[in-house]
Amino acid sequence: MSDRYASFAHTGPGRALVRRLGLPDPPRLRRYRPGDPLVTAPVRLDGAPGGRLVEPVGKLLGAAGVEVATSTEAPPAEDGRPGPYGALVFDASGITDSTGLRTLFAFFHPLARSLQPAGRVIVLGTPPEACGSPREATAQRALEGLTRSIGKEFGRGSTAQLVYVAPGAERAIESTLRFLLSGRSAYVSGQVVRISPAEPPEVDWSRPLTDRVALVTGAARGIGATIAEVLARDGAQVVALDVPAAGDALASVANAVGGTALQLDLTAPDAPDRLAAHLADRYGRVDVVVHNAGITRDRTLGRMSPDWWDAVLEVNLSSQERINDVLLDRDLIPRGGRLVGVSSIAGIAGNRGQTNYATSKAGVIGLVQSTAPVLAAREITVNAVAPGFIETRMTARMPVMLREAGRRMNSMAQGGLPVDVAETIAWFASPASAGITGNVVRVCGQSLLGA
Ligand SMILES: NC(=O)c1ccc[n+]([C@@H]2O[C@H](COP(=O)([O-])OP(=O)(O)OC[C@H]3O[C@@H](n4cnc5c(N)ncnc54)[C@H](O)[C@@H]3O)[C@@H](O)[C@H]2O)c1
């Protein structure tokens with residue numbers, strides 16, 4: 001569904017009118033195209049004294065061909081203003097006390113107007129739960145307020161994230177930095193990512209999923225079809241699954257991505273067995289499982305039929321648990337495996353008329369958080385995306401006022417695209433993301449809902 005308001009606001013007269021009337025001004029987002037550089041201008045990198053991340057980050061950015069400027073070698077400014085920069089990266093891991101938070105102000109204050117449109121802000125810190133003292137944990141927790149506020153303040157399509165790097169996880173940060181700096185994270189902002197210690201393998205960054213087998217459920221249309229496309233672009237062999245009634249659309253998605261189609265209703269009692277048999281016979285394994293299939297049956301609780309409650313819980317949560325159990329029990333997900341769930345901001349904030357849906361999507365978050373520690377010993381990661389307003393058939397059917405509110409009430413003043421969700425899933429799916437587990441990342445343009 002096209003966003004006619006945003007298209008108009010991008011024209012000359014539209015832009016003038018939007019500014020004069022103080023209307024929402026949706027910026028153009030920078031979305032990834034194969035071959036694009038990570039950033040389009042130098043990255044300004046600095047850190048609080050005593051931090052452990054400036055050096056590894058500087059090294060990996062340099063190796064990735066990114067021009068890095070530090071406080072001592074910042075390019076001279078023609079107009080008295082430093083930059084412009086493609087990204088501002090600050091290592092706050094050295095801050096051990098709230099008084100040290102002043103270094104954040106000292107870094108960001110003079111640079112606040114030096115970020116390019118669609119630029120990136122990344123603050124790196126230590127997870128509060130891994131800090132050595134309550135004072136340090138307090139200061140590290142405070143970083144969330146700064147990054148979320150920058151996300152709301154800097155505008156012009158820029159994003160701001162907080163990345164907590166556990167001690168010992170310094171070598172596992174590259175896939176996350178690459179994702180957050182690039183156009184792949186166009187609609188992800190105000191998020192907190194946690195990286196655990198891991199030793200990721202070397203990957204070809206243009207096709208990190210080469211030789212990986214990826215299952216995508218609900219792949220016949222919408223977000224699922226785009227997930228299949230993006231995973232195939234990144235090198236995966238895709239198994240596209242959907243209900244038999246969507247067989248034709250499913251076949252065309254599978255053909256387009258050079259994958260295979262599997263017609264299966266996930267809620268059928270024999271679905272886990274049939275799926276496991278298909279994967280075992282065709283591929284002998286599955287490296288990436290994306291549980292994308294989902295349905296809504298909206299009604300206020302008092303008017304909801306038991307069938308509608310059951311249908312939503314079955315498709316969106318219980319069938320996924322049964323499938324995970326069978327695939328894991330039969331050892332079809334090898335070391336380095338990736339489970340990815342699709343939650344929703346409704347599962348975080350709740351939504352009137354969606355008690356069943358929000359319960360199922362909050363359950364997906366519970367599944368991620370409870371399963372990640374259990375599967376860590378098998379080196380399998382479990383994460384989820386929580387999309388906000390994404391331009392799909394589902395959101396096109398919403399009443400017009402509700403749809404406009406959903407589109408505009410976020411830091412980007414526009415809806416996201418299926419590709420924004422798919423790129424985030426591809427980041428989780430990458431072999432290089434070995435240290436990313438137990439995370440729920442919202443793809444919502446920093447929606448005010450559930451903020
Ligand atoms: N569109 C949004 O704005 C949005 C926001 C938040 C979360 N999500 C979630 O993203 C996912 C994809 O959403 P979408 O908008 O692309 O939905 P969609 O309705 O366009 O596609 C869902 C797909 O899942 C398939 N499916 C449903 N039940 C199934 C079953 N029992 N077995 C196999 N396949 C089944 C459908 O046939 C369909 O092809 C869902 O989990 C949804 O809850 C979407």
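This report covers two sheets, a ligand shell and three single residues.

The structure is a predicted model: local features need pLDDT of at least 70, side-chain atom pairs count only at pLDDT 80 or more, and totals for chains, interfaces and linings use all residues. Residue numbers run from 1 along each chain as its sequence is written.

## The six-stranded sheet

Helices (H or I, at least four residues) and strands (E, at least two) are DSSP runs, numbered from the N terminus. Two strands pair if DSSP finds at least two bridges between them.

One open sheet holds 6 strands, in the order S2-S1-S3-S4-S5-S6, with parallel pairing. Its edges are strand S2 (68–69) and strand S6 (191–195), each with a single partner strand, so one side of each is left without a neighbour in the sheet.

Strand S1 (residues 43–47) is mostly covered, with 5 of its 5 residues buried. Buried means that 20 or more other C-beta atoms lie within 10 Å of the residue's own; 12 or fewer is exposed, and anything in between is partly exposed, with C-beta atoms placed from the backbone. Val 43, Leu 45 and Gly 47 point one way from S1. Arg 44 and Asp 46 point the other way.

S1 pairs with S2 in the parallel sense over 2 bridges. Here Val 43 stands opposite Val 68 in S2. The chain passes from S1 through helix H3 (residues 54–63) to S2, and this β-α-β crossover is right-handed. Right-handed means that, with the strands pointing away from the viewer, the path from the first strand over the helix to the second runs clockwise. S1 is also joined to S3 by 5 bridges, and these two strands run parallel. Arg 44 faces Leu 88 in S3.

Further along, strand S3 (residues 85–91) and strand S4 (residues 115–125) run parallel, joined by 6 bridges. The bridge partner of Phe 90 is Val 123 in S4.

Two helices lie on this sheet. Helix H6 (residues 174–181) packs on it and touches S3, S4, S5 and S6; its direction makes about 155 degrees with that of S4. Helix H5 (residues 134–153) lies across S4, strand S5 (159–165) and S6, running at about 160 degrees to S5. Contact requires C-beta atoms, placed from the backbone, within 7 Å. Axes are lines fitted to C-alpha atoms, for helices over the stretch in contact, and angles run from 0 to 180 degrees between N-to-C directions.

## The seven-stranded sheet

Another open sheet has 7 strands, in the order S9-S8-S7-S10-S11-S12-S13, again with parallel pairing. Strand S9 (260–263) and strand S13 (440–443) are the edge strands, each pairing on one side only. Neighbouring strands are turned by 20 degrees against each other on average, direction ignored.

Strand S8 (residues 237–242) pairs with S9 in the parallel sense over 4 bridges. Ala 240 stands opposite Ala 261 in S9. Helix H8 (residues 247–256) packs on the sheet and touches S8 and S9, with its direction at about 160 degrees to that of S9. Together, S8, H8 and S9 make a right-handed β-α-β unit.

## The ligand shell

The ligand has 27 residues around it, and Gly 218, Gly 222, Ile 223, Gly 294 and Ile 390 come nearest. A residue counts as near if its C-beta atom, placed from the backbone, lies within 6 Å of the molecule. Helix H7 (222–233) and helix H13 (393–396) each supply at least two shell residues. The shell divides into 13 nonpolar, 10 polar and 4 charged residues. Ala, Val, Leu, Ile, Met, Phe, Trp, Tyr, Cys and Pro count as nonpolar; Asp, Glu, Lys and Arg are charged; the others, Gly among them, are polar.

## Single residues

Leu 327 is found in helix H10 (residues 306–329). Leu 327 is buried, because 22 other C-beta atoms lie within 10 Å. Leaving aside neighbours within four places in sequence, its contacts are Ala 276, Val 286, Val 289, Leu 332 and Ile 333. Leu 327 and Pro 272 are 55 residues apart in sequence but 7.8 Å apart in space, C-alpha to C-alpha.

Most residues other than glycine have a negative phi. Two loop residues with positive phi are listed here.

| Residue | Phi | Loop | Other C-beta atoms within 10 Å |
|---|---|---|---|
| Arg 156 | near 55 degrees | between H5 and S5 | 13 atoms, partly exposed |
| Glu 379 | near 55 degrees | between helix H12 (355–375) and strand S12 (381–387) | 14 atoms, partly exposed |
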